[in-house]
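I opened a fresh page for this chain. My plan was to look things up one at a time and write down what came back.

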Amino acid sequence: MLIAAVDICNTIADVLTEIQNIIGPWPFNEYHHPMLTDDFFYRHAEIFLKSRPYKGAIQGMWRLKEHFDIVYLSARPKWARTLTELWLKVHGFPDGKLILTRDKAKVAKELRVAIAIEDAPFEIDKLKEAGVTVVVKAQNYNKKYAPRFEWHELGISYWDKLSKKTHLP
């Protein structure tokens with residue numbers, strides 16, 4: 001079966017809202033914010049547990065699993081593994097291998113990922129450069145990328161159609 005690599009933060013988990021609860025309003029027109037360092041997340045690890053799934057993300061992921069083997073491919077720090085596994089389980093996301101890495105494109109290429117679902121512009125660029133088809137979770141900071149989607153707007157046949165168009169590199 002083909003592999004789909006799915007990012008977690010701001011792709012299936014609404015981490016942006018939890019960040020704003022700590023640092024205050026931020027329009028998120030740019031991806032990077034100077035306060036968002038690894039130390040910030042270490043000091044506010046509760047963000048990884050308190051984040052809510054995006055509307056339709058759980059159902060969408062179960063539909064995705066009908067067509068792809070799922071790998072959760074996240075840039076979260078290694079110390080957040082247990083929190084992340086717990087979050088996925090508590091919210092009822094389908095099983096999938098969890099890989100925490102700073103080089104998603106390299107891992108995706110090694111795994112021969114057919115599609116990646118991502119929100120971060122720099123990750124989208126790297127994945128595309130590695131020859132991976134990328135589907136973009138819509139955010140204010142990634143408007144120039146396509147195809148973009150919102151989980152709750154996907155029809156039941158979306159992943160079926162995509163899986164038929166997708167081939168291994």
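My entries follow, from the whole chain to single residues.

**Entry 1: the whole chain**

I noted at the start that this is a predicted model. I looked up the elements and found eight helices and eight strands. Then I asked what share of the 169 residues is buried. Buried residues make up 53% of the chain. I also looked at contacts between residues at least 6 apart in sequence. Of these, 68% join residues at least 24 apart.

**Entry 2: helix 7**

Which residues of helix 7 are buried? Helix 7 covers residues 121-129, and I wrote down Pro121, Glu123, Ile124 and Leu127. I then looked down the helix axis. The buried residues of helix 7 fall within an arc of 160°, so they line one face of the helix.

Next I checked what covers those buried residues. The cover includes helix 6, residues 104-111. It also includes strand 6 (115-118) and strand 7 (133-137). I went on past the end of the helix. Just after helix 7, Gly131 takes a positive phi of about 85°.

**Entry 3: the largest pocket**

I turned to empty space. Rolling a probe the size of a water molecule over the atoms shows where such space is left. The largest pocket has a volume of about 540 Å³. I found 29 residues lining the largest pocket. Which of them are the closest to its centre? They are Tyr31, Leu36, Phe41, Ala75 and Arg102.

I also asked which elements give two or more residues to this lining. My list has helix 1 (15-23), helix 2 (38-43) and helix 7. Helix 7 was already on my page, with its buried residues on one face. By class, I recorded 15 nonpolar, five polar and nine charged residues in the lining of the largest pocket.

**Entry 4: the second largest pocket**

The second largest pocket has a volume of about 150 Å³. I wrote down its lining: Trp62, Tyr72, Glu85, Leu88, Lys89, Phe93, Pro94, Asp95, Gly96 and Leu98. Which helix gives the largest share of this lining? Helix 5, residues 81-90, gives three residues. By class, the lining of the second largest pocket divides into six nonpolar, one polar and three charged residues.

**Entry 5: salt bridges**

How many salt bridges does a search of the whole structure find? The search finds five. I looked up some of them by pair.

I began with Arg43 and Asp39. Their closest N and O atoms are 2.8 Å apart. Both residues lie in helix 2, four residues apart, about one turn of the helix. I then checked how open they are. Arg43 is partly exposed, with a relative accessible area of 48%. Asp39 is also partly exposed, at 43%.

Next came Lys104 and Glu118. Their salt bridge has its closest N and O atoms 2.8 Å apart. Lys104 lies in helix 6 and Glu118 in strand 6, so the pair ties together parts that are 14 residues apart in sequence. Buried or exposed? I noted Lys104 as buried, with a relative accessible area of 3%. Glu118 counts as buried too, at 2% relative accessibility.

Then I took Glu150 and Lys137. Here the closest N and O atoms are 2.9 Å apart. Glu150 sits in the loop between strand 8 (148-149) and helix 8 (158-165). Lys137 is in strand 7, and the two residues are 13 apart. Glu150 is partly exposed, with a relative accessible area of 24%. Lys137 counts as buried, at 2% relative accessibility.

I asked which residues are joined into one network by salt bridges that share partners. They are Asp7, Lys104 and Glu118.

**Entry 6: Pro77**

My last look-up was a single residue. Where is Pro77? I found Pro77 in the loop between strand 4 (69-74) and helix 5. Pro77 has 13% relative accessibility, so it counts as buried. Leaving aside its neighbours within four places in sequence, Pro77 is in contact with Phe48 and Leu100.

I also took a distance to Phe41. Pro77 and Phe41 are 36 residues apart in sequence. In space they are 8.7 Å apart, C-alpha to C-alpha. Phe41 had come up before, among the residues closest to the centre of the largest pocket.

Notes
Residues numbered from 1 in each chain as written. Predicted model: local features only at pLDDT ≥ 70, side-chain atom pairs only at ≥ 80, totals over all residues. Heavy atoms only, no water. Buried < 20%, exposed > 50% of the residue type's maximum accessible area, 1.4 Å probe, protein only. Arc of directions from axis to C-beta. Contact = heavy atoms within 4.5 Å. 1 Å grid on protein atoms, 1.4 Å probe; cavity = no way out; pocket = protein on both sides within 12 Å on 5 of 7 lines; lining within 4 Å. Points joined across faces, edges and corners; volume = space filled by probe spheres on them. Nonpolar A, V, L, I, M, F, W, Y, C, P; charged D, E, K, R; others polar. Salt bridge = Lys/Arg side-chain N within 4 Å of Asp/Glu carboxyl O.
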